[in-house]
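This report goes through one protein chain and its ligand, beginning with the way its strands are put together. Please keep the sequence and the model side by side while reading.

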Amino acid sequence: MILIIPFARTYDRAAFDCGVPSLNDWLKFQAGQKERRGNTRTFLAVESDSNEIVGYYASLAANVELPVREGTSLRGYLQPAIRLARLAVSSNAQGKGIGSLLMRHFFVLALEVADRVGVELIVVDAVDDGARDFYVRQGFSSSEPASLFVAMSISTLRSIGKHV
Ligand SMILES: CC(C)(COP(=O)(O)OP(=O)(O)OC[C@H]1O[C@@H](n2cnc3c(N)ncnc32)[C@H](O)[C@@H]1OP(=O)(O)O)[C@@H](O)C(=O)NCCC(=O)NCCS
């Protein structure tokens, strides 16, 4: 069974390998420090029998500037957002729904925050085209087809019911 739990140092992070060195290293070398400082909050997907970390995500508060629209007064308007800063599933566990499980956990968290603190958007900078396609399947969209920056409004998240 896969459990999603708040970051804890007791699990073996050194063994985690999602195939993207920067995402492996982030979990090994940065997640703990950033957790301590309150810079990011990380959740781990852990296989309950083996205690192996099979995935993780990290999020943080963000301000996102809207693309400038001609004829509007929205230039420089910053939208309060939650950024999915990191998401990764170990190579041997990919394609089994763990990424989707972590996303659902993040969606619930984002809606809980948005009930208490002003938040308009959830946003992600996808690491590559494949990751962007994954996020688009999850309900995100990009303002330009080639852009790796994808977003979803909290109202869209509520309406598509991804949190249930
Ligand atoms: C992207 C990633 C998190 C997806 O996790 P996963 O557990 O493999 O995804 P799931 O099994 O939940 O797949 C969910 C759906 O997305 C699709 N999908 C998964 N990875 C995809 C990719 N790279 N490109 C396109 N579609 C993808 C699956 O086919 C599946 O589609 P379905 O619902 O129609 O069956 C994982 O592949 C990963 O960690 N990749 C390496 C690191 C990375 O790219 N992280 C994103 C950083 S921004």
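## Strand pairing and the model

Two strands are said to pair if DSSP finds at least two bridges between them. The model is a predicted one, and with that criterion in hand the bridge partners can be read from it: Val-123, for instance, has Ala-151 in S6 as its bridge partner.

## Overall fold

The secondary structure of the chain consists of 4 helices and 6 strands, and these elements follow one another from the N terminus in the order β-α-β-β-β-α-β-α-β-α. The chain has a radius of gyration of 16 Å, which is close to the 15 Å given by the globule rule for 164 residues, so the chain is as compact as a globular protein of that length.

Along its principal axes, the C-alpha trace spans about 55 × 30 × 30 Å. Of the 164 residues in the chain, 27% count as buried.

## The sheet

The sheet is open and has 6 strands, arranged in the order S1-S2-S3-S4-S5-S6 with mixed pairing. Its edge strands are S1 (2-6) and S6, each of which pairs on one side only, and the twist from one strand to the next averages 25°. As a general matter, strands of a sheet pair through backbone hydrogen bonds, and they do so either parallel or antiparallel.

Both senses can be followed here by individual pairs. Strand S2 (residues 41-47) pairs with strand S3 (residues 53-65) in the antiparallel sense over 6 bridges, and within this pair Arg-41 stands opposite Ser-59 in S3. S4 and strand S5 (residues 121-125), by contrast, run parallel and are joined by 3 bridges, with Ile-122 in S5 as the bridge partner of Ile-82. Between these two strands the chain crosses from S4 through H2 to S5, and this β-α-β crossover is right-handed. On the other side of the pairing, S5 and strand S6 (residues 149-153) run antiparallel and are joined by 5 bridges.

## Surroundings of the ligand

Which residues come nearest to the ligand? Among the 21 residues around the ligand, those that come nearest are Gln-94, Gly-99, Ser-100, Gly-130 and Asp-133. Strand S4 (78-89), helix H2 (98-116) and helix H3 (129-137) are the elements that give two or more residues to this shell, so named under the DSSP runs that set the limits of helices and strands.

The largest share of the shell, 5 residues, comes from H3. By residue type, the shell divides into 11 nonpolar, 7 polar and 3 charged residues.

## Two loop residues

Val-127 is found in the loop between S5 and H3, whereas Asn-51 lies in the loop between S2 and S3. The two residues are 76 residues apart along the chain, and their C-alpha atoms are separated by 27 Å.

How exposed is each of them? A residue counts as exposed if 12 or fewer other C-beta atoms lie within 10 Å of its own, and as buried if there are 20 or more. Asn-51 has 11 C-beta neighbours inside 10 Å and therefore counts as exposed, while Val-127, because it has 15 other C-beta atoms within 10 Å, is partly exposed. Asn-51 also has a phi near 65°, which is a positive value in a residue other than glycine.

How values were computed. Residues numbered from 1 in each chain as written. Predicted model: local features only at pLDDT ≥ 70, side-chain atom pairs only at ≥ 80, totals over all residues. Near = placed C-beta within 6 Å. Nonpolar A, V, L, I, M, F, W, Y, C, P; charged D, E, K, R; others polar. Right-handed = clockwise from strand over helix to strand, strands pointing away. Axes fitted to C-alpha atoms, helices over the stretch in contact; angles between N-to-C directions. Rg over C-alpha atoms; globule rule 2.2 N^0.38 Å.
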